[in-house]
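Reader: I should be grateful for a close look at a single part of this structure. Please take one helix, explain how it is placed, and then follow the connections that lead away from it.

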Amino acid sequence: MALRNAVMAALLDGPASGYDLAKNFDASVANFWAATPQQLYRELDRMEADGLVEATVVEQERRPNKRVFSLTDEGRRVLREFTAEPPRPAAVRDELLVQLQAADAGDPEAVRASVAERIEWARGKLARYERLRERLLDGRTEEEHLARAERIGPYLTLMGGLALERENVRWGERVLDALDRRAAVRRA
């Protein structure tokens, strides 16, 4: 999947500046697609040149003018085509998993610390995702939201992010337990 597809999906929520997209990316699609602000700005320029988005300059009194991007009909057509294509399988490239694979020959305490850090990182993301979930639900039950919300895609992807981070915590705790048991056996 190209970054442009994620940008077009984010623009379904309405026109946004590059700054707003970067901020919203962190809050909405970061659970499945990461991009730096610089990558977003470069991609927006390419998308504008390709006719997928159009920019409107908004004048501001005390700040520099900003460009606000919205999807064009061509952008909506390309996004529709993208959703009709079967996705490629996800590929995992995770340095922590390589470190765990080599833990027997490496520094087990450093690997343990990395796993503990991963757990805390996942717990932090879970807390952010739970706050986002509460904002999206806005006092409704999940069933009410899914039945009546104008768009359910953001909630469905959030459900995936929540599940992933919950599993990261569960897995990390099991790994720490296994590493601790292994260390105890070796000390005995």
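**Helix α8 and its surroundings**

Author: At 1.5 Å a residue, the 35 residues of α8 should span 51 Å, and the C-alpha atoms at its ends are indeed 51 Å apart, so the expected and computed values agree. The model is a predicted one. Within it, α8 covers residues 153-187 and follows a loop that comes after α7 (142-148).

Consider next the side of the helix that is covered. The buried residues of α8 are Y155, L158, G161, L162, E165, N168, V169, G172, V175 and L176. They pack against three other helices, namely α5 (95-101), α6 and α7.

One of these buried residues, E165, deserves separate attention. Its relative accessibility is 2%, and because buried means under 20%, E165 belongs to that class. Apart from residues up to four places away in sequence, E165 touches A122, K125, L126 and Y129.

The packing may also be viewed from the other partner. L136 is part of helix α6, which runs over residues 108-137. With a relative accessibility of 24%, L136 counts as partly exposed. Beyond its neighbours within four places in sequence, L136 is in contact with H145, P154, Y155 and L158; two of these, Y155 and L158, are listed among the buried residues of α8. Another residue on that list is G172, yet the C-alpha atoms of L136 and G172 are separated by 28 Å, with their positions 36 residues apart along the chain.

Helix α6 also carries a charged pair of its own. The side chains of E120 and R123 form a salt bridge, with 2.7 Å from N to O. These two residues are three apart in α6, which means that about one helical turn separates them. E120 is partly exposed, at 46% relative accessibility, and R123 is partly exposed as well, at 37%.

The surface around the beginning of α8 comes next. L146, I152, L156 and M159 make up a nonpolar surface patch with about 290 Å² of accessible area together. I152 is located in the loop between α7 and α8, and its relative accessible area of 33% makes it partly exposed.

A salt bridge also involves the loop before α8. Side chains of opposite charge can pair when their charged atoms come close. Here the side chains of D13 and R151 meet, at 2.3 Å from N to O. D13 belongs to the loop between α1 and β1 (16-17), whereas R151 belongs to the loop between α7 and α8, so the pair ties together parts that are 138 residues apart in sequence. The two partners fall into separate exposure classes: D13 is exposed, with a relative accessible area of 55%, and R151 is partly exposed, with 26%.

For comparison, consider a pair placed elsewhere. E43 and R4 form a salt bridge whose closest N and O atoms are 3.0 Å apart. This pair also links distant parts of the chain, since E43 is in helix α3 (residues 37-49) and R4 is in helix α1, 39 residues apart. Both E43 and R4 are buried. In total, the model has 19 salt bridges.

Note on methods:
Residues numbered from 1 in each chain as written. Predicted model: local features only at pLDDT ≥ 70, side-chain atom pairs only at ≥ 80, totals over all residues. Heavy atoms only, no water. Patch = residues over 30% accessible without salt bridge, like charges linked within 9 Å, V, L, I, M, F, W, Y side chains within 5 Å. Areas by Shrake-Rupley, 256 points an atom, 1.4 Å probe, with all protein chains shown as cover. Salt bridge = Lys/Arg side-chain N within 4 Å of Asp/Glu carboxyl O. Helix = DSSP H or I, 4+ residues; strand = E, 2+ residues; numbered from the N terminus. Buried < 20%, exposed > 50% of the residue type's maximum accessible area, 1.4 Å probe, protein only. Contact = heavy atoms within 4.5 Å. Expected span 1.5 Å × (residues − 1).
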